[in-house]
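The following note sets out numbered points for a colleague examining the structure shown here. Metal sites are treated at the start, followed by the sheet, a helix and the side-chain pairs.

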Amino acid sequence: MIDLHTHSTVSDGSDPPERICEMAATAGCSAVALTDHDSLAGIPRAAEAAKATGLRLVPGCEVSCKAPTSPSSGPVAGSVHVLVYFVEDPESPLGRELAVLRADRAERNRKLAARLNELGVAVDCDTLAAEAGGWEGLGRPHFARALVRAGAASDFDDAFKLWLAEGRPAYVPKARVTISEIAALAGASGGVAVLAHPMSLGLEPGPLERLVATLAESGLAGLEAIYGRYRPEERKRLCEIAARTGLAVTGGSDYHGSFKPDLEVGTGLGDLAVPDEVLDALAARRPSL
Ligand code: AMP
Ligand code: ZN
Ligand code: FE
Ligand code: FE
């Protein structure tokens with residue numbers, strides 16, 4: 001089995017890249033992808049650790065994209081994340097865009113911190129940023145944890161519901177690229193783009209399939225159908241959509257360490273087992289540069 005979706009301390013996970021590889025090997029994975037938000041910085045460290053265990057490390061990252069327009073329901077409201085695989089060069093077209101995205105993230109985080117300050121929430125965001133290795137390494141999960149610790153939310157999900165989710169008082173938007181732009185940058189860098197956790201779009205099966213078909217035409221290579229949190233029937237339906245729209249199926253846990261403590265590398269909630277063949281089928285879609 002494999003796991004194509006994990007986060008480390010480079011973004012909003014709690015384990016260093018090396019540890020992700022150790023956990024993947026222990027779980028019995030033959031390959032693991034490190035997919036930190038907006039960053040390839042953990043890849044060399046993870047690759048080195050993977051070598052020691054005989055694990056295959058797949059370079060990756062995850063990017064938040066502008067909401068696409070659904071053919072039947074108009075603009076999509078939910079979060080839209082795209083995973084990119086097989087790109088490790090920070091000087092590639094994708095790598096250079098990621099640097100811009102990290103600068104945007106740092107700016108968003110400073111605004112978010114200022115907003116919390118204005119709202120009178122006692123969160124020390126400078127310390128938060130220092131602990132994350134700088135403002136660009138912070139994600140909303142860091143803020144969520146700090147809000148819980150400050151007593152401003154009862155738990156992690158509550159922190160999003162009260163403060164951080166779209167439409168809430170401390171929400172500051174950040175997405176700047178479209179899915180097709182990321183797919184083009186991935187392709188120009190020798191990689192492929194995959195729609196992450198497709199149920200997050202909040203669409204019914206019909207509109208979702210029509211949207212996915214449109215995205216497939218604009219360069220998307222895969223659909224993350226075998227997602228850690230999805231029920232068997234949801235995974236099956238997404239696999240069917242991928243087959244009908246000509247996309248590869250991918251899968252992973254979306255492991256974030258202590259930020260999402262119910263998920264494990266490889267096994268997700270316990271029932272995840274992404275087959276090895278998924279990776280070969282995805283790799284077959286890489287462009288030849
Ligand atoms: P960011 O990229 O900093 O905006 O943060 C994105 C991260 O926040 C992702 O890992 C999501 O899983 C997490 N997240 C976003 N919305 C929610 C929510 N409503 N509840 C819990 N976690 C969320
Ligand atoms: Zn994350
Ligand atoms: Fe995501
Ligand atoms: Fe993720």
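1. Iron site. In this predicted model, the iron ion (ligand 3) takes its protein donors from Glu62 (OE), His81 (ND1) and His197 (NE2), at distances of 2.1 to 2.2 Å. Along the chain these donor residues follow the spacing E-x18-H-x115-H. Glu62 belongs to strand β3 (residues 56-64), whereas His197 is in the loop between β7 (192-195) and α8 (205-217), so the pair ties together parts that are 135 residues apart in sequence. Both Glu62 and His197 are buried.

2. Zinc site. The zinc ion (ligand 2) is coordinated at 1.9 to 2.5 Å by His37 (NE2), His256 (NE2) and Asp12 (OD), with Asp12 (OD) listed twice. The spacing of its donors in sequence is D-x24-H-x218-H. His37 comes from the loop between β2 and α2 (43-53) and His256 from the loop between β9 and α10 (277-283); the pair therefore ties together parts that are 219 residues apart in sequence. Burial is defined as under 20% relative accessible area. His37 is buried because its relative accessible area is 10%, and His256, at 2%, also counts as buried.

3. Separation of the metals. How far apart are the zinc ion (ligand 2) and the iron ion (ligand 3)? The two ions are 5.7 Å from one another.

4. The sheet. Seven strands form an open sheet in the order β1-β2-β3-β6-β7-β8-β9, and their pairing is mixed. The edges are occupied by β1 (2-3) and β9 (248-252), each of which has a single partner strand, so one side of each lacks a neighbour in the sheet. Between β1 and strand β2 (residues 31-34) the pairing is parallel and comprises 2 bridges. One bridge partner is Ala31 in β2, which is matched with Ile2. Strand β3 of this sheet order also carries the iron donor Glu62.

5. Helix α9. This helix lies across β8 (222-227) and β9, and runs at about 165° to β8. Ala242 is located in α9 (residues 232-245). Is Ala242 buried or exposed? Ala242 counts as buried because its relative accessibility is 0%. Apart from neighbours within four places in sequence, Ala242 is in contact with Leu223, Leu247, Ala248 and Val249. Ala242 and Pro287, which are 45 residues apart in sequence, have a C-alpha to C-alpha distance of 19 Å.

6. Aromatic pairs. The structure contains 3 aromatic pairs. In the pair formed by Phe156 and Phe160, the ring centres are 5.4 Å apart and the planes meet at 55°, so the pair is described as tilted. The cut-off matters here, because only planes over 60 degrees apart count as edge-to-face. Phe156 and Phe160 share helix α6 (residues 156-164) and are 4 residues apart, about one turn of the helix. Phe156 is partly exposed, since its relative accessible area is 22%.

7. Charge over a ring. Where does the charged end of Arg145 sit? The charged end of Arg145 sits over the ring of Phe259, at 3.9 Å from the ring centre.

Terms used: Residues are numbered from 1 along each chain as its sequence is written. Chains are lettered from A and ligands numbered from 1 in the order in which they are written. This is a predicted model: local features need pLDDT of at least 70, side-chain atom pairs count only at pLDDT 80 or more; totals for chains, interfaces and linings use all residues. Side-chain values use heavy atoms; hydrogens and water are left out. Donors are N, O and S atoms within 2.8 Å of the metal (3.2 Å for Na, K and Ca); water is not among the atoms, so sites may look incomplete. Buried means under 20% relative accessible area, exposed over 50%, partly exposed in between (1.4 Å probe, protein chains only). Contact means heavy atoms within 4.5 Å. Rings of Phe, Tyr and Trp (its six-membered ring) pair if their centres lie within 6.5 Å; planes under 30 degrees apart count as stacked, over 60 as edge-to-face and the rest as tilted. A charge sits over a ring if NZ of Lys or CZ of Arg is within 6 Å of the ring centre and within 35 degrees of the ring normal. Two strands pair if DSSP finds at least two bridges between them. Axes are lines fitted to C-alpha atoms, for helices over the stretch in contact, and angles run from 0 to 180 degrees between N-to-C directions.
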